[in-house]
Amino acid sequence: MPDSSIEALFETMRSYAAENHVPIMEEQGIGELLELLQRQKPLRLLELGTAIGYSALRMADALPEVSIDTIERDEERYSKALGFIRGSGMEERVRAICADALELDLAELTPFYDAMFIDAAKGQYERFFNKYESLLSSGGIIYCDNMSMHGMAEQPIKEVPRRKRTMIRNIRSFRETMDGHPGFDCELLPVGDGLLVCRKK
């Protein structure tokens, strides 16, 4: 797809996300993620949390050699993502799967991925990590978005809205787990909404 066409598609996706209250990555965050991925040059990438396919297509566009599997449990968003993926001309490299990532049989996926991007249910990151890290190749990298949750992860818990406290506690617990994880080197980058970069030793 010509550059102007893919940029027009991305703009359409951004407009759709804004109008329909679909959370997609902030531009600063996705720009930093794409830079990191271009340095890493993964050939196989797994994304948890497709939404409408915006980040998957941005990654596929920035990495011409990559093949992406992306998982989304919401059927309406999955259906919308399929349409955008077909419209991108990159459907041979981006495979969307409609499933709950915590319930999906791992046999449906590639044995090893060079990179993973987790951008799904924010309070479940530790469960996602524990389930999928066995599919990450040695030296592979897991990128986790929303580690700041709009600054709430850094606030005293009593200042966090009550309905979000469990999620924030879970995010903090995951960050602490990864900070001391024996099998990964991790760095929390203050870009976008907080991007945790975890390289498998």
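In which hand does α1 pass α3? I began with this crossing in the predicted model and recorded it as left-handed.

**Entry 1: α1 and α3**

I looked up the residues that make this contact. From α1 they are I6, L9, F10, M13 and R14, and from α3 they are Y54, L57, R58 and D61. Sorted by class, the contact residues comprise six nonpolar and three charged, with no polar residue. I then turned to the geometry. Helix α1 covers residues 3-19, and its axis comes within 11 Å of that of α3, crossing at roughly 160°. Angles over 145 degrees count as roughly antiparallel, and α1 and α3 are therefore roughly antiparallel to each other.

**Entry 2: α2 and α3**

I next examined helix α2, residues 27-40, against α3. Their axes come within 10 Å and cross at roughly 40°. That angle makes α2 oblique to α3. I noted the crossing of α2 and α3 as right-handed, whereas α1 passes α3 in a left-handed crossing. On the α2 side I listed E27, I30, L33, L34, L37 and Q38, which meet Y54, S55, R58, M59 and A62 of α3. The class count for this contact is seven nonpolar, two polar and two charged residues. I marked Y54 and R58 of α3 for a second look: they appear in the contact with α2 and also in the contact with α1.

**Entry 3: α5 and α6**

I moved on to helix α5 (residues 125-132) and helix α6 (residues 165-179). Their axes lie 8 Å apart, and the packing angle is about 40°. I entered the pair as oblique, which follows because this angle falls in neither the parallel, the antiparallel nor the perpendicular range. In α5, the residues Y125, E126 and F129 meet S173, F174, T177 and M178 of α6. By class I recorded four nonpolar, two polar and one charged residues in this contact.

**Entry 4: the largest pocket**

How much space lies in the largest pocket? I noted about 700 Å³. Its lining consists of 33 residues, and those lying nearest the centre are P23, R77, D119, A120 and K122. I sorted the lining by class and recorded 15 nonpolar, eight polar and 10 charged residues. I then asked which elements supply the lining. Helix α3, residues 54-62, and strand β2, residues 67-72, each contribute at least two residues to it. Helix α3 thus recurs in my notes: it supplies part of this lining, packs against α1 and meets α2.

How values were computed: Residues numbered from 1 in each chain as written. Predicted model: local features only at pLDDT ≥ 70, side-chain atom pairs only at ≥ 80, totals over all residues. Heavy atoms only, no water. 1 Å grid on protein atoms, 1.4 Å probe; cavity = no way out; pocket = protein on both sides within 12 Å on 5 of 7 lines; lining within 4 Å. Points joined across faces, edges and corners; volume = space filled by probe spheres on them. Helix = DSSP H or I, 4+ residues; strand = E, 2+ residues; numbered from the N terminus. Nonpolar A, V, L, I, M, F, W, Y, C, P; charged D, E, K, R; others polar. Axes fitted to C-alpha atoms, helices over the stretch in contact; angles between N-to-C directions. Parallel < 35°, antiparallel > 145°, perpendicular 65-115°, else oblique. Left-handed = near helix turned anticlockwise from the far one by under 90°. Contact = heavy atoms within 4.5 Å.
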